[in-house]
Amino acid sequence: MKPATGPRDAGTERLLILDPQAGAIRHALVGDLPGLLRAGDLLVVNDAATLPASLAGTAPGGARVEVRLAGENPDGTWRAVLFGAGDWRTPTEHRPAPPPLAPGDRIDFAPDLSARVEHVATLHTRLVELRFDRDGAALWTALYRHGRPVQYSYLTAPLELWSVQTPYAARPWAVEAPSAGRPLRFALLSALARRGVRIATLTHAAGLSSTGDVALDAALPLPERFEIPAATVDAIRTTRAAGGRIVAVGTTVVRALEGSAALHHGAVVPGAGVTDLVVRKGFRPRVVDGLFTGMHEPTASHFELLHAFAPDELLDRAYAEAEEHAYLGHEFGDASLLLAGAVS
Amino acid sequence: MELHRAGAVVTGGGRGLGAAVAERLARAGARVVLVARNRAELDLVAARIRSEGGDAHVLVADVGDKRAVYPIAGAAEALAGPIDLVVHAASDLGHVPLRLLLDTDCEELEHVLAVNVLGPFRLTKALAGSMVLRGRGTVVNVTSDASVAAYPRWGAYGVSKAALDHLGRIWGAELAGTGVRFVTVDPGEMDTKMHADAMPEADRSTLPSPDVAADRIVAMIRAIESVPDGARLEASSWTPPASTGATAEGKETRS
C-alpha cells in the first residue's frame, strides 16, 4: 500500500468497511461514518496529545545520536530508543547504530537540556531509561523547544507540531500520534452526536510503532500507560446495557480498554494503569465490538491487532482491495472500519 | 465551575489583571499555568502563589507567536492537565504613545491582532477540543470598552478587542450545549502598567486596583453556568446570580 506522504485535509479520507459477520467489504468515505453507526453506539477516542519526542543529541565521545522518547515512567525517567547519526529521512532499518551507552553516560541535546542513561535494557542496548537534567515546566519547555515530532522516511517534509495532533488532543502522553482520530473533525463529531452516537475519551500513551531493528520491533508495543475517566466507564456500561456497540477509535483505545479489562477480571475500571497486553490473532475482545482505524500494512504490529476483530481471509481480501483501489496507508492515510453489521 | 484541582491557563499572568486572576484561582485550589514573555515577573507571581500553598507553573512564551501556541498547550496539559479553564488576559496595545490610524504602521496592526485575536483563537483551538469531548470547560476573554467606543488613537487595540468580543460570541454559539462556556469580560479601568502606558497622564490614585476586577472575574468563572454562552459582560455591573453558591463568595471577595 502506498503511504500518504504528508498531512492531508481532514474529511477527504476514504473508508474501507469490513464486516466480519457478513464477511463483506464496502467502500465509503470517512464522512459516511454517522450512517454506519447506530443511535446508542459509543465511540471511544484517545485524547492524548503528541509530544515532539525526537531529540537530536551528542553522546559521550561526540557521536551524534537521535533519541526517540517512548514514554514517561512513573518515577520521572523516560524510556527511549537510541538511533545513530541522521534523522527521519533515512529509513530506520538503514540508520547507523548508535554508540553503545552505559548507565551514567550523558547525552547533550542543548545548553538547556541533557539526560543521563539510568538503565540499559537487557532486551536491547538501544532501549534505555533516561533521566533529564530538569523537571516540571523547565523540562516541558525544553522538550517542546528542542523536540521534533517522530516521523518516518515515507513522509516528504518535516512535520509541524500541529500536524500530529488530533482535533481533541489534551495531555501530551503519546510519542506518535494516535492518528486514527485525525479525521474526526468537529463537524463529523457533531454529525455523529446528532445521529445519537455517544463519544467518550480515554488517554493512552501511544508508543513508537517502529525502530528498524528486528529484535526491538518484535517487542513492540512496549508497556504503555493509560487513564480511563469514570464517565467513560459509565458510558461503556450504559451502552452495553442498552444493546449498543463499543467502537474503538484506533488501536491504542483497544489496548487501553482491553488492557484495563485484562487487569481487572474482564471489567474496565476508572483510573490509571499500565498495560503490557498485546492484542493479536486469537485474542477475544471483552469490551470492544468494533474498530475505526487507519490502513495498516500486514507487516505492522497494528495489523496484528486487527486479527482479533476479523478473520484472516477477510483481512487478506480487504488488503488486496485497498491496494487495488489505491488506498493510502500510515498516519495521514485512509481509514477502515471493522464492525459486525456495518455492511448490510 | 468547580475550581478546586481544575487545570487553568492564564496568559498575561505576569502582572496586572492576569496575575491577580491567577492568584485567586490558585487560592481556590486551581493548578495554574502562568504564561507571559517576562520570566522575572512570572517567577514573582508563581512564588507568591506557592508561598500561599498554591500550585503554579511558569511558561515563558509569546501568545502572538504562532509556533509558541502548541508548545504552550502541550506543556500546560503536561503540567496541570486536563486543562479546564483558559483566561486570555495577555494583550498588546501596539505602539505607545498610542497613535492615530493614519500614523499606524500596518505591521503594528498585524502584531496587535496576532497577540489579541489570533493568539486567543489558536490557544483556544488547541485546548477546547478536548474540553468539548469531556463536556466541561471555561474560556474567558479579557476585553475593553475600547472594543465598543471609537476612541481616537485606540484603533489597533480597539479593533482587536472588537474582534475578540465577536470571536467569543461565535465560540459561544457554536459550542452552546457542549458544556464548554465562553465569556468576554470588560474589567473596566484599572491601575495597571498597560493603563499607564496607554494614558500616562491619568492620575493612578483614582484608579481601582486590578484586584477588584479579578474578584469579579473569578466569581463569574465560579458561576459560569449562569452566564449566557459567549456573552460580553462588564465586570463592574455584573452581579452573581442570587440562587447559586457563587453569590456569597462574590460578595465576600468584594467586601
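Reading the helices and sheets of a predicted two-chain model

Mentor: In this predicted model, helix 4 (residues 106–134) of chain B packs with helix 5 (residues 155–174) of chain B at an angle of about 20°, and their axes are 9 Å apart.

Trainee: Why is helix 4 of chain B called roughly parallel to helix 5 of chain B?

Mentor: Angles under 35 degrees count as roughly parallel, and the angle here is about 20°, so helix 4 of chain B is roughly parallel to helix 5 of chain B. The crossing in which helix 4 of chain B passes helix 5 of chain B is right-handed.

Trainee: Which residues in helix 4 of chain B meet helix 5 of chain B, and which residues there do they meet?

Mentor: From helix 4 of chain B come B:E108, B:L109, B:V112, B:L113, B:N116, B:V117, B:P120, B:F121 and B:T124, and they meet B:A156, B:Y157, B:S160, B:K161, B:A163, B:L164, B:L167 and B:W171 in helix 5 of chain B. Sorted by class, this contact has 12 nonpolar, 3 polar and 2 charged residues.

Trainee: What makes helix 1 of chain B roughly parallel to helix 2 of chain B?

Mentor: The axes of helix 1 (residues 16–27) of chain B and helix 2 (residues 39–51) of chain B come within 10 Å and cross at roughly 25°. The cut-off for roughly parallel is an angle under 35 degrees, and therefore helix 1 of chain B is roughly parallel to helix 2 of chain B. Here too the crossing is described as right-handed. The contact is made by B:A19, B:A22, B:E23 and B:A26 of helix 1 of chain B, together with B:V45, B:R48 and B:I49 of helix 2 of chain B, and by class it has 5 nonpolar, no polar and 2 charged residues.

Trainee: Turning to the sheets, what makes strand 3 and strand 7 of chain B edge strands?

Mentor: They belong to an open sheet of 7 strands in chain B, with the order 3-2-1-4-5-6-7 and parallel pairing. Strand 3 (55–60) and strand 7 (231–234) of chain B each pair on one side only, and they are the edge strands. Neighbouring strands of this sheet are turned by 20° against each other on average, direction ignored.

Trainee: How do you know that strand 6 of chain B pairs with strand 7 of chain B?

Mentor: Two strands pair if there are at least two bridges between them, and 4 bridges join strand 6 (residues 180–186) of chain B to strand 7 of chain B, the two running parallel. As one example, B:V185 has B:L233 in strand 7 of chain B as its bridge partner.

Trainee: What is the strand order of the open sheet in chain A, and which strands are its edges?

Mentor: This sheet has 9 strands in the order 3-2-17-15-13-4-11-12-14, with mixed pairing, and its edge strands are strand 3 (24–29) and strand 14 (271–275) of chain A. The twist from one strand to the next averages 25°.

Trainee: How do you know that strand 4 of chain A pairs with strand 13 of chain A?

Mentor: The cut-off is at least two bridges, and 3 bridges join strand 4 (residues 42–46) of chain A to strand 13 (residues 246–249) of chain A, which run parallel. Across this pair, A:L42 stands opposite A:I246 in strand 13 of chain A. Helix 5 (residues 230–241) of chain A packs on the sheet, and its direction makes about 135° with that of strand 11 of chain A.

Conventions
Residues numbered from 1 in each chain as written. Chains lettered and ligands numbered in written order. Predicted model: local features only at pLDDT ≥ 70, side-chain atom pairs only at ≥ 80, totals over all residues. Axes fitted to C-alpha atoms, helices over the stretch in contact; angles between N-to-C directions. Parallel < 35°, antiparallel > 145°, perpendicular 65-115°, else oblique. Left-handed = near helix turned anticlockwise from the far one by under 90°. Contact = placed C-beta atoms within 7 Å. Nonpolar A, V, L, I, M, F, W, Y, C, P; charged D, E, K, R; others polar.
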